[in-house]
Amino acid sequence: MKFDAPAGKTIVDDPTVIGKSTRRIDGPRKTTGTAPYAYERHDVVSGQAYGYIVGSAIARGRITAMNLDAARKAPGVIAVIAATETEPVGTSPFNTAPLFGGRDIAHYHQAIACVVAETFEQARAAAALIRTTYDRDAGDYDLAKVKDGAKIAPGWSVPEDIQRNGNFAEAYAAAPVQLDQTYTTPDEAHAMMEPFATIAAWEGDKLTLWTSNQMINWSKRALASILKMPAENIRLDSPFIGGGFGGKLFIRADAVLAALGAKAAGRPVKIAMQRPLMFNNATHRPATIQRVRIGTDADGRILAMGHECWSGNLPGGSAENGAAQTRALYSGPDNLTVSYISRLDLPEGNAMRAPGEAVGHLALEVAMDELAEKLGLDPIEFRLRNEPERMPGDPSKRFSGRHLVECLREGADRFGWSARQSRPASVRDGRWLVGMGVAAGYRGAPITKSAARVSLDNAGRVRVETDMTDIGTGSYTIIAQTAAECIGVPLDQVRVDLGDSRSPVSSGSGGQWGAASSTAGVYAACVELRRMVAEKFGMNADTARFEGGRVVDGKTRRRLAEAGPLSAEGQMDYGDFQNDYDMGTYAGHFAEVGVDAYTGEVRIRRMLAVCDAGRILNPLSARSQVIGAMVMSAGSALMEDLVVDKRFGFFVNHDLAGYEVPVHADIPHQEVVFLDTLDDVISPLKAKGVGELGICGPGAAIANAVYNATGVRVRDYPITLDKLI
Ligand code: MOS
């Protein structure tokens, strides 16, 4: 069905299941260890052998020779495939450097061989016997050095990358109050718990991959192009995923090498990418250099807003679009928001949770804090004075729903913002310097077509099938809630099957579009099923009510089960009317920190997020999403840092010991509040995603709190103690 005007009346306007905090229906399977993750699927196919990937030891150049003899003779080895004996595999719209094959090396730890053996240990031992020699070329590994030759870049998630309204340079030069600061953010790793993992099996020319992937349909198409085979001969199955954060939006070497390894071995092959390879073989969030210039009048009204963001990538790779939120957040007639890209020979940069905005806020929202201080304004008041009527970056667009002012006001009340001392370093608690910080949050709310099949059996049970994924986000549960609501059955009468490419094509999980898009697809299928049920009962589908396992139309009342078995497919598509709107989600983020006056150690004391994201389908799992994102944002403010070896071009700290992420003890108290809003432009469910909103702003609130605590402004992330002393 087509959603081509703002939602009026819908079949879910007075929800009793949607919008209620609901425990995950997949929770018992996860907590009892019975949810099958890719590497654990011992039962799906027999005779599984183990693959082990070898990564390149240089960042750029070519392989001169590989000696594979010892590996091939090693105990238990079934097959060895090597880059020197394989043509480069194809590429796809979703990756740049070939994932395997050929002598040319594009980045460090690019896969150059795969050993298949009877056991994991045998594969690993044999892999260590491969001897490779290289011709190493010089490469560019330092963003600061290549930045000046940068080109204007196309964006990853924002179609038009460059936007200039009016005349920024003149308006900025004429502004009575100015701020011009530069901020840097480092490369970051997704560091998800479950590594890339795949079991591959061939049956003739048909390939099945049990894998861990966020975007089943993209990845099926990508594999077809990488392996140069028809997409219809490929099946992907990814029902449970142990975290992705954008790293699993795309097919990676585990899937390609499991497929090639299985072909070479004549047996199914399973590969879990070893942790030390995860950081350089796969994608990461690219480092940025961001210059923010804001000019205001004496009262703090923005006259000119400039945000430029530089990042680097392999040839063909996209930019980290750090200026994305700046188009939406604050009024101001003269804007300049641009992302620039340079060639870097580091591993491929790509989407990581809220690509663009996550790092963009770390610059913009600190610049806003700096300027508020310059103006002598409270940072919340400064933001309130610049609340726009229409999208500043594209005034032809209205906001589909925007309640940023309420987020900030409600957050200030709940957080006790009035107790904040505007003079930095003025609150002391024993050895701790204490400060508070605030930041606004914006993340786009993209929505995309999504399909599902909904079936009813003759016991009145409902089954939903779609290739949607659950990356730990709660998709199973919100989809079950949607079907239960639409068909009028209890939640425990709904079964949900996800992640199989044989099911109707969904939005997949990415860009925080998954929740809104996939449930809208289920809604469309349910509307079709209701129509079929009504027809069977001779009722009017528009007036029939589906509730409590019954269908009621006027005086007629039937048990839903009597209509089964029935099966309906539906897809939600979107009309052009949405182009008139900027669809976004908003938050007010607050943080209180203590900084040790003697050591510079930063301790978060409290965090609060007040979120505006339309109808919240499941407040319990949405809260978990936002909390997880706030933790990740705290990591990017204070800890996370892929350290680049600028001589040899790789990330040095490529394991979870050296790549620091926050743990429970780092985050003592977090609170999440959802405003009760509906967005009738986005879909009939009037709901938007929140999974990425939560990482847009908290890090800046922490940085601003550190400044408020100490009077030291650190503009190079992460804010580690050495930078405070
Ligand atoms: Mo998200 S970075 O699109 O998984």
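With which handedness does α12 pass α13? Before turning to that pair, note that this is a predicted model, in which local features need pLDDT of at least 70, side-chain atom pairs count only at pLDDT 80 or more, and totals for chains, interfaces and linings use all residues. Residues are numbered from 1 along each chain as its sequence is written.

Select residues 475–487, helix α12, together with residues 514–537, helix α13 (helices are DSSP runs of H or I, at least four residues, numbered from the N terminus). Their axes, which are lines fitted to C-alpha atoms over the stretch in contact, with angles from 0 to 180 degrees between N-to-C directions, lie 9 Å apart at an angle of about 30°. The two helices are therefore roughly parallel (an angle under 35 degrees). α12 passes α13 in a right-handed crossing, the near helix being turned clockwise from the far one by less than a right angle.

Now show the side chains where α12 and α13 meet, including Ile-478, Ile-479 and Thr-482 of α12 and Val-522 and Tyr-523 of α13; contact requires C-beta atoms, placed from the backbone, within 7 Å.

Next, select residues 357–375, helix α9, and residues 698–710, helix α15, which pack with axes 8 Å apart at an angle of about 40°. The crossing of α9 and α15 is right-handed. His-361, Leu-362, Glu-365, Val-366 and Asp-369 of α9 make the contact with Gly-699, Ala-700, Ala-703 and Asn-704 of α15.

Definitions and conventions: Angles under 35 degrees count as roughly parallel, over 145 as roughly antiparallel, 65 to 115 as roughly perpendicular and the rest as oblique. Two residues are in contact if their C-beta atoms, placed from the backbone, lie within 7 Å.
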